[in-house]
Amino acid sequence: LELEGDLRRAIARNEFVPFFQPIVDIVDTRVVGYEALLRWRHPERGLLPPGEFLAVAEDTGCAEAIDWQIFEQVARQARALTRDEGFISINVSGSHFRSPNLDQRLLDLFAEHQVPARCIRVEVTERALLENPAQVKRILENLRHHGVGIALDDFGTGYSSLSYLHQYPIETLKIDRSFVIELPAEESEGHSTAVVRAIQALADSLRMQVIAEGIETEAQLRALRRIGCRYGQGFLFAQPQPASKWLGAPLSLD
Ligand code: G
Ligand code: G
Ligand code: MN
Ligand code: NA
């Protein structure tokens with residue numbers, strides 16, 4: 001496979017970089033954190049999003065090395081970006097939870113760069129939870145015990161078995177953008193509005209936070225505010241950008 005060779009070369013040349021997308025309090029558009037999003041600075045093809053290579057990276061066992069390239073850059077940039085107040089959210093590949101020392105390696109990395117654990121959040125997908133439940137539970141509980149936040153990514157798209165929600169130390173549900181995109185412009189309640197409302201009610205009763213992903217329009221923002229969703233991210237507020245774009249930026253986006 002040609003892409004596999006390209007991936008291995010790119011890992012050796014450190015071509016993977018994090019871009020950062022603000023996560024905002026949608027009531028006052030204050031920035032509360034950033035999600036670190038993987039990009040490949042390809043020497044010929046330019047900036048590539050993960051959709052173009054992440055599946056192959058997972059299948060060829062390259063995903064862990066790519067994750068670590070991102071984690072190391074996040075660790076170096078986290079204090080300047082968060083000013084020790086907000087948080088940086090990192091995505092962890094599902095296959096990565098097979099490494100029994102993932103938790104300790106992450107804690108060591110952040111300690112080495114004096115990044116407080118509370119300034120880091122780990123995003124995990126439903127699929128990862130179900131593939132290796134006992135080990136994922138132990139890793140997430142240890143991270144949580146040290147103060148790292150845990151968010152469930154792409155919520156609503158996977159198995160959405162509600163039984164596991166309280167079995168893991170999850171504090172935040174990220175509503176997948178496929179629901180946000182379909183929020184109606186008017187007061188009428190469509191299918192997605194009902195789903196988002198139900199996720200918000202579930203999160204409220206479990207005392208979890210909700211972050212809506214992929215907010216692109218004012219109408220979607222209004223719908224989310226009506227539902228009582230507190231946090232969001234999306235092109236309406238900001239595109240993912242290199243850390244340099246956000247350093248010294250005001251903490252409010254309006
Ligand atoms: O940025 P983009 O919309 O193309 O991201 C597509 C998918 O890639 C998202 O589902 C996201 O969770 C995943 N992703 C983004 N950054 C990372 C990363 O650093 N590591 C891993 N494993 N997945 C990521
Ligand atoms: O799966 P994950 O949620 O981690 O993916 C986040 C991805 O969504 C990122 O790759 C990011 O580039 C993309 N993204 C962020 N905001 C928007 C948006 O408003 N619209 C769309 N279509 N994609 C977005
Ligand atoms: Mn994510
Ligand atoms: Na997501």
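Ala, Val, Leu, Ile, Met, Phe, Trp, Tyr, Cys and Pro count as nonpolar, Asp, Glu, Lys and Arg as charged, and the others, Gly among them, as polar. The model is predicted: local features need pLDDT of at least 70 and side-chain atom pairs count only at pLDDT 80 or more, while totals for chains, interfaces and linings use all residues. Residues are numbered from 1 along each chain as its sequence is written, and chains are lettered from A and ligands numbered from 1 in the order in which they are written.

**Exercise 1. The two ligand shells**

Task: State how the shell around ligand 1 divides by class, and which element gives the most to this shell.

Solution. Step 1: a residue is near a molecule if its C-beta atom, placed from the backbone, lies within 6 Å of it. Around ligand 1 stand L37, L38, P49, P50, G51, L54, A63, D67, I70, N91, S93 and D153.

Step 2: sorted by class, this shell holds 7 nonpolar, 3 polar and 2 charged residues.

Step 3: helices (H or I, at least four residues) and strands (E, at least two) are DSSP runs, numbered from the N terminus. At least two residues of the shell around ligand 1 come from each of β2 (30-42) and α3. The most comes from α3, with 3 residues.

Step 4: for ligand 2, the surrounding residues number 15, and the closest are L37, G214, E216, G234 and F235. The shell around ligand 2 divides into 5 nonpolar, 5 polar and 5 charged residues.

**Exercise 2. Helix α3 and its partner**

Task: Describe how α3 and α4 pack, and where α3 is kinked.

Solution. Step 1: two packed helices are described by the angle between their axes and the distance between the axes. Axes are lines fitted to C-alpha atoms, for helices over the stretch in contact, with angles from 0 to 180 degrees between N-to-C directions. For α3 (residues 63-82) and α4 (residues 102-112), the angle is about 30° and the axes are 9 Å apart.

Step 2: F71, E72 and A75 of α3 meet L106, L109 and F110 of α4, where contact requires C-beta atoms, placed from the backbone, within 7 Å. By class, the contact of α3 with α4 has 5 nonpolar residues, no polar and 1 charged.

Step 3: the bend at a residue is the angle between axes fitted to the seven residues ending there and the seven starting there. In α3 a kink of about 40° is centred on R76.

Step 4: a residue is buried if 20 or more other C-beta atoms lie within 10 Å of its own, exposed if 12 or fewer, and partly exposed in between, with C-beta atoms placed from the backbone. Among the buried residues of α3 are A63, D67 and I70, which also belong to the shell around ligand 1.

**Exercise 3. Positive phi values**

Task: Determine whether T29 and R207 are exposed or partly exposed.

Solution. Step 1: most residues other than glycine have a negative phi. Phi of T29, however, is near 55°, and R207 has a positive phi of about 55°. R83, which follows α3, also has a positive phi, near 50°.

Step 2: T29 lies in the loop between β1 (16-25) and β2. T29 is partly exposed because 16 other C-beta atoms lie within 10 Å.

Step 3: R207 belongs to the loop between α8 (191-205) and β8 (209-212). R207 counts as exposed because it has 7 C-beta neighbours inside 10 Å.

Key
Contact = placed C-beta atoms within 7 Å.
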